[in-house]
Each structure stands twice: as C-alpha cells, then as structure tokens.
Amino acid sequence: QRGNHEESLKHLTRAAAEAPDGPHGIWALYYIGLIHSQQSNHAEAVRFLRLHLARAPDSYAGYQALAGELERIGESEEAEKLYIAAVRRFPDTDRDW
C-alpha cells in the first residue's frame with residue numbers, strides 16, 4: 001500500500017505544482033493531505049490541508065479533514081474553532097461533526 005501512496009503523491013504533487021490555483025491543483029493538495037494522514041504524518045497532513053482550505057474556502061471536506069487532523073495532533077481548541085466556523089459557513093449541511 002505504501003508504494004501506491006508514493007506513486008499517488010508523485011502525481012498529486014505534480015498536479016499541485018502545475019496548476020496551483022486551478023481545481024486540479026487545489027484538490028491535489030487535499031488528497032496529499034489525506035495520504036499524509038493515512039501515513040500518520042499528521043503535521044504534513046495539516047500543512048497540505050491548510051493550503052487546500054486557503055485556496056478552497058468553500059470546501060466542506062477541507063474543513064472536516066483539517067479539523068480532524070488538528071485533533072489528532074492535540075490542537076483541540078483550534079479544531080473546535082474550525083468546526084464552529086464550518087457550521088456557520090455551511091448551516092444547511094446535514095452532516096455529523
């Protein structure tokens with residue numbers, strides 16, 4: 001499975017570099033963050049999810065993933081703020097937090 005992650009990271013990193021502000025590059029940052037999370041590299045996951053959310057402030061998935069990663073690294077207060085911001089930003093979203 002690690003080999004698949006490394007191959008995916010290579011392609012996603014290229015996509016993020018080639019179109020940093022385009023949808024492919026923005027979502028590549030999100031998926032890079034998820035891969036780092038799966039590899040228990042939570043600091044890198046946070047870094048890439050922050051980059052994603054900075055470029056895609058309407059990304060519900062980005063809020064959810066970043067808040068979860070912040071909890072994993074012990075940043076519960078920041079995670080809580082992010083959850084609250086997401087609930088305010090997406091009031092009609094019927095999902096569990």
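Here is a walk through this structure, a predicted model, one helix at a time.

Let's start with helix 2, which runs over residues 23-38. Its 16 residues reach 23 Å from the first C-alpha to the last, close to the 22 Å expected at 1.5 Å a residue. A good number of its residues are tucked away: G25, I26, A28, L29, Y30, I32, G33, I35, H36 and S37 are buried.

Pick L29 out of that list. This residue of helix 2 has a relative accessible area of 7%, so it falls under the 20% cut-off and counts as buried. What does L29 touch, once you leave aside its neighbours within four places in sequence? The answer is A16, F48, L51, H52 and R55. Take R55 from that set: it is 26 residues away from L29 along the chain, yet the C-alpha atoms of the two are separated by 9.5 Å.

Now step off the end of helix 2. Just after it comes S40, in the loop between helix 2 and helix 3. The backbone does something worth a look here: S40 has a positive phi of about 60 degrees although it is not a glycine. Is S40 buried or exposed? At 56% relative accessibility it is over the 50% cut-off, so S40 counts as exposed.

The loop leads on to helix 3, residues 42-55, and that is where you'll find H52. Its relative accessible area is 0%, so H52 is buried. Setting aside neighbours within four places in sequence, H52 is in contact with I26, W27, L29, Y30, S59 and G62. With S59 there is something extra, since a polar contact of 2.8 Å joins the two side chains. For a sense of distance in another direction, try A15: it sits 37 residues from H52 along the chain, and their C-alpha atoms are separated by 13 Å.

Further along is helix 5, residues 76-89. It has 14 residues and reaches 20 Å from its first C-alpha to its last, close to the 20 Å expected at 1.5 Å a residue. The buried residues here are A79, L82, Y83 and A86. Why do they end up on the same side of helix 5? Because they cover an arc of only 100 degrees around the axis. Turn to the other side of helix 5 and you meet E77, K81 and R88, which are exposed. As for what covers the buried residues of helix 5, that includes helix 3 and helix 4 (60-72).

That brings us to the nonpolar cores. The largest one has 15 residues, and those with the most contacts inside it are Y63, L66, L70 and L82. Helix 3, helix 4 and helix 5 are the elements that give two or more residues to this core. Helix 4 gives the most, with 6 residues. There is also a second, separate core of 8 residues, which includes L12, A16, A28 and L29, so the L29 we met earlier turns up again here.

To finish, go back to L82, one of the buried residues of helix 5. Which residues is L82 in contact with, leaving aside its neighbours within four places in sequence? They are L53, Y63, L66, A67 and L70. Among these, Y63, L66 and L70 are named with L82 as having the most contacts inside the largest core.

Definitions and conventions: Residues are numbered from 1 along each chain as its sequence is written. This is a predicted model: local features need pLDDT of at least 70, side-chain atom pairs count only at pLDDT 80 or more; totals for chains, interfaces and linings use all residues. Side-chain values use heavy atoms; hydrogens and water are left out. Helices (H or I, at least four residues) and strands (E, at least two) are DSSP runs, numbered from the N terminus. Buried means under 20% relative accessible area, exposed over 50%, partly exposed in between (1.4 Å probe, protein chains only). Contact means heavy atoms within 4.5 Å. A polar contact is a pair of N or O atoms within 3.5 Å; within protein, one must be able to donate a hydrogen and the other to accept it, and residues adjacent in sequence count only if both atoms are side-chain atoms. The expected span of a helix is 1.5 Å times one less than its number of residues. The arc is that of the directions from the helix axis to the C-beta atoms. A nonpolar core is a set of buried Ala, Val, Leu, Ile, Met, Phe, Trp, Tyr and Cys residues joined through side-chain atoms within 4.5 Å.
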